[in-house]
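Here are a few exercises to work through with the model open beside you. Try each task before you read its solution.

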Amino acid sequence: MSPWLTVVGIGEDGFKGLGKSARHALMGASRIVGGQRQLDLLPVCLGGERQLWPSPFSLAPVLERRGEAVCVLASGDPMFYGVGASLARQVASDEMLILPAPSSCSLAAARLGWPLQDVVTLSLVARPLAALNAHLASGVRLLLLSNDGQSPAAVAQLLCERGFGASRMSVLEHLGGDAERRVDAIASGWRDAPVADLNVIALECLADAGTRGLSRLAGLPDSAFEHDGQLTKRDVRAITLARLAPTPGELLWDVGAGSGSIGIEWMRAHPSCRALAVEADTGRQQLIERNRDALGVPGLQLIRGKAPQALAGLERPDAVFIGGGVTREGVFETCWQQLKPGGRLVANAVTLQSELTLMNWRERYGGELTRVHIAQAQPLGEFDTWRQALPITLLDLVKPLDA
């Protein structure tokens with residue numbers, strides 16, 4: 001069928017800035033849906049009935065009119081953190097025509113002379129500011145879609161707290177319109193000047209003296225995490241994550257998560273990686289919440305409870321790590337049953353009892369057992385010697401595709 005729905009991206013320059021196709025679609029629409037700001041940009045001569053998005057937000061006003069000539073207004077590029085992406089999940093591509101305008105990030109990059117392909121773009125609209133922490137490193141350029149006029153001050157404060165107060169900030173308001181304005185400052189010198197709600201924040205990250213950004217590769221320093229001793233140590237963590245092998249879009253169950261280090265580093269591997277951290281101890285649950293925010297993955301979901309009971313009803317994982325509760329009855333069996341075919345399961349053991357459990361699992365399900373010995377040089381009188389950490393046994397399994 002021919003498209004009944006047209007999604008029109010509109011900029012600050014309003015109707016006059018639209019192309020011919022977008023104008024014709026709006027003139028022929030029986031209904032035009034959008035936010036108040038977008039609707040106010042249209043001339044009064046358009047005949048289509050105008051309708052605001054409901055609160056709370058819902059696509060129902062559009063989907064209920066399927067087959068009619070409907071136009072939806074969106075700011076800039078509807079497919080860039082916009083309503084076009086939401087509609088595309090509900091409406092077939094051959095029923096919908098999308099006519100984008102330049103996004104605010106495209107306009108910001110043009111004003112700043114930044115190659116857009118070299119810039120990290122993030123949205124702060126109704127999203128945790130803590131996600132910014134994962135991207136802080138000297139030399140990184142970021143474009144942030146602000147939630148409102150308070151976002152620049154909040155970003156400046158976060159940068160200072162994380163040791164990036166020397167970063168350069170540019171706040172660009174009303175891009176593409178008559179009221180366009182740019183405010184430049186150093187993060188540590190931001191004075192919380194009044195800023196329009198419609199703004200983009202451009203950052204050139206620069207670490208303060210003594211501050212170093214964290215690698216995105218597995219094996220962050222143990223000092224990067226708050227913990228009570230229940231932490232998969234750096235070298236073992238790197239080996240464990242190499243076997244879990246995170247790839248984009250996959251979901252991890254981190255069972256007996258402790259301080260959350262495995263799930264956090266899994267999510268840091270790629271922005272689309274997801275993780276559920278299952279932890280029964282209240283104090284460690286608080287550590288997980290603080291660590292996930294500090295390390296830039298506020299989307300890590302905390303499951304409060306003890307496995308295997310806490311695993312009931314969870315989304316099936318692509319990978320499972322069992323760091324705690326190896327000897328608890330039903331934990332492995334539940335994880336293995338819920339693991340998707342082709343998924344990976346890694347379990348670590350320190351005690352003889354938990355190691356024996358891994359050996360029994362290997363006899364039944366196969367996989368590889370690996371013993372890891374880590375020693376560090378430490379002082380012994382006037383000399384140095386090797387101090388051996390407790391050996392770790394890893395079981396690494398891949399679930400058959402026909403299981």
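**Exercise 1: A patch on the surface**

Leu369 sits in strand E16, which spans residues 368-372. The model is a predicted one.

Task: Which residues form a nonpolar patch on the surface with Leu369?

Solution. Start with Leu369 itself: its relative accessibility is 30%, so it counts as partly exposed. Next, look for its companions: Leu356 and Met359 join Leu369 in the nonpolar patch. Together, the three residues offer about 240 Å² of accessible area.

**Exercise 2: A mixed sheet and its helices**

Task: In what order do the five strands of the mixed open sheet follow one another, and which helices pack on this sheet?

Solution. Step one is the order, which reads E6-E7-E10-E8-E9. Step two is the edges: strand E6 (120-123) and strand E9 (181-186) each pair on one side only. Step three is the twist, where neighbouring strands are turned by 20° against each other on average, direction ignored.

Now zoom in on one pair. Strand E8 (residues 168-173) and E9 run antiparallel and are joined by six bridges. Within this pair, Arg168 has Ile186 of E9 as its bridge partner.

Finally, add the helices. Helix H5 (residues 104-112) lies across E6, strand E7 (141-145), E8, E9 and strand E10 (199-204), and runs at about 140° to E7. Helix H6 (residues 151-161) also packs on the sheet, where it touches E7, E8 and E10. The direction of H6 makes about 20° with that of E10.

**Exercise 3: A parallel sheet**

Task: Which strands stand at the edges of the open sheet with parallel pairing, and why is one side of each left without a neighbour?

Solution. First write down the order of the five strands: E3-E2-E4-E1-E5. Strand E3 (49-52) and strand E5 (96-99) are at the edges; each has a single partner strand, so one side of each lacks a neighbour in the sheet. From one strand to the next, the twist averages 20°.

For a closer look, take strand E2 (residues 31-34) and strand E4 (residues 70-75), which run parallel and are joined by three bridges. Here Arg31 has Val70 in E4 as its bridge partner.

**Exercise 4: Salt bridges**

Task: How many salt bridges does a search of the whole structure find? Then inspect three of them, asking whether each partner is buried, partly exposed or exposed.

Solution. The search finds 19 salt bridges.

- Asp184 and Arg182: their closest N and O atoms are 3.0 Å apart. Asp184 is partly exposed because its relative accessibility is 47%, and Arg182, at 43%, is partly exposed as well.
- Arg237 and Asp222: the closest N and O atoms lie 2.8 Å apart. Arg237 belongs to helix H7 (residues 234-244) and Asp222 to the loop between E10 and H7, so the pair ties together parts that are 15 residues apart in sequence. Arg237, at 0% relative accessibility, is buried, whereas Asp222, at 25%, is partly exposed.
- Arg304 and Glu289: this salt bridge spans 2.6 Å, N to O. Arg304 is in strand E13 (residues 301-304) and Glu289 in helix H9 (residues 282-294), 15 residues apart. With 51% relative accessibility, Arg304 counts as exposed, while Glu289, at 24%, counts as partly exposed.

As a last step, look for shared partners: salt bridges join Arg141, Arg168 and Glu204 into one network.

Definitions and conventions. Residues numbered from 1 in each chain as written. Predicted model: local features only at pLDDT ≥ 70, side-chain atom pairs only at ≥ 80, totals over all residues. Heavy atoms only, no water. Patch = residues over 30% accessible without salt bridge, like charges linked within 9 Å, V, L, I, M, F, W, Y side chains within 5 Å. Areas by Shrake-Rupley, 256 points an atom, 1.4 Å probe, with all protein chains shown as cover. Salt bridge = Lys/Arg side-chain N within 4 Å of Asp/Glu carboxyl O. Helix = DSSP H or I, 4+ residues; strand = E, 2+ residues; numbered from the N terminus. Buried < 20%, exposed > 50% of the residue type's maximum accessible area, 1.4 Å probe, protein only. Pairing = 2+ DSSP bridges. Axes fitted to C-alpha atoms, helices over the stretch in contact; angles between N-to-C directions. Contact = heavy atoms within 4.5 Å.
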